[in-house]
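Work through the exercises below with the structure open beside you, and try each task before you read its solution.

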Amino acid sequence: MTEAVQAGLWGLLAGSALLLGAVLGYGWRVPQKVIATVMAFGAGVLLSAVSFELVGEAYDEAGIAPTAIGTLLGALAYTAGNLWLARRGARHRKRSGAQPAQSQPSEAEQGGSGMALALGALLDGVPESAVIGVGLLDGGTVSLVTVAAVFLSNIPEGLSSSAGMKRAGRGKGYVFGVWTAIAAASTVSAVLGYTVVGAFSPAVIAAVTAVAAGAILAMIADTMIPEAFQDAHLAIGLITVCGFLVSFTLSHV
């Protein structure tokens, strides 16, 4: 099996967690505190992976300047895309819709919001999957910590977002079509992360890793933590730290 195929399979595995979360969120009435708790835990897992697996490795490979610049560029790119999509109805794409003021709009309320939600899910998922493929460039072995972090964080993302889509009146075809497409895009993104980025120098690879890290960090702060805080605000710090420690432990065993 070629390493490009391996990258695609790992990306598919991580992306499939979104579909798993969507099944749970659409098919069952999951309590809001459970959604918030799982979202906070997933945020902690991703924060640890970004710190030690992405930003830390980029710094070791290329130094502070490319790492800092790449991280800022990733955050700026994500924020710009997020602002554009927010104006088109995707501001609360990861919200479960329990709070009317923070619910996803229906197509009748805002035309084109369905496409914006799909593009928002793509914006959130691509950086995570790309770094899985990039990780294979370092010695030909994927970072299991990164895959685990993306997988664990994708479940609450899919769960909360699909619950919000259902409340907005979107049918099964739309909901599962979106998450199936994102799982497929995760596969392609991981392959491209390996094949395209692999053609560049180690310094460029480190900078690309930092860009992805910046985008993921911005996504955590903008979409995951607010949903977690909504219903688990008294315990969000503890739950997030638990997720952080689980990911940190995995990266050091």
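**Exercise 1.** In this predicted model, find the residues that form a nonpolar patch on the surface, and then say which elements give two or more residues to the patch.

*Solution.* Begin with the members of the patch, which are Val188, Leu192, Val196, Phe200, Val204 and Val208, and note that together they have about 470 Å² of accessible area. Next, turn to the elements: α6 (172-195) and α7 (202-232) are those that give two or more residues to this nonpolar patch. Finally, take one member as an example: leucine 192 lies in helix α6, and because its relative accessibility is 44%, it counts as partly exposed, a class that runs between 20% and 50%.

**Exercise 2.** Is arginine 29 buried or exposed, and which surface patch does it help to form?

*Solution.* First locate arginine 29, which sits in the loop between α1 (3-27) and α2 (32-62). Its relative accessibility is 76%, so arginine 29 counts as exposed, the cut-off for that class being over 50%. Then look at the charges on the surface, where Arg29 forms a positive patch with Lys166, Arg167 and Lys172.

**Exercise 3.** Is glutamate 157 buried or exposed, and with which residues is it in contact, leaving aside its neighbours within four places in sequence?

*Solution.* Start in helix α5 (residues 144-167), where glutamate 157 has its place. With a relative accessibility of 3%, glutamate 157 counts as buried, because that class takes in values under 20%. Lastly, once neighbours within four places in sequence are left aside, the contacts of glutamate 157 are Leu18, Met39, Leu46, Lys94, Asp124, Glu128, Met219 and Met224.

Terms used: Residues are numbered from 1 along each chain as its sequence is written. This is a predicted model: local features need pLDDT of at least 70, side-chain atom pairs count only at pLDDT 80 or more; totals for chains, interfaces and linings use all residues. Side-chain values use heavy atoms; hydrogens and water are left out. Patches are made of residues with over 30% relative accessible area and no salt bridge: like charges are joined within 9 Å, nonpolar side chains (Val, Leu, Ile, Met, Phe, Trp, Tyr) within 5 Å. Accessible areas come from the Shrake-Rupley method with a 1.4 Å probe; for residues, only the protein chains shown count as cover. A salt bridge is a side-chain nitrogen of Lys or Arg within 4 Å of a carboxyl oxygen of Asp or Glu. Lys and Arg count as positive and Asp and Glu as negative; His and the chain ends are not counted. The place of a charge is taken as NZ of Lys, CZ of Arg, CG of Asp or CD of Glu. Helices (H or I, at least four residues) and strands (E, at least two) are DSSP runs, numbered from the N terminus. Buried means under 20% relative accessible area, exposed over 50%, partly exposed in between (1.4 Å probe, protein chains only). Contact means heavy atoms within 4.5 Å.
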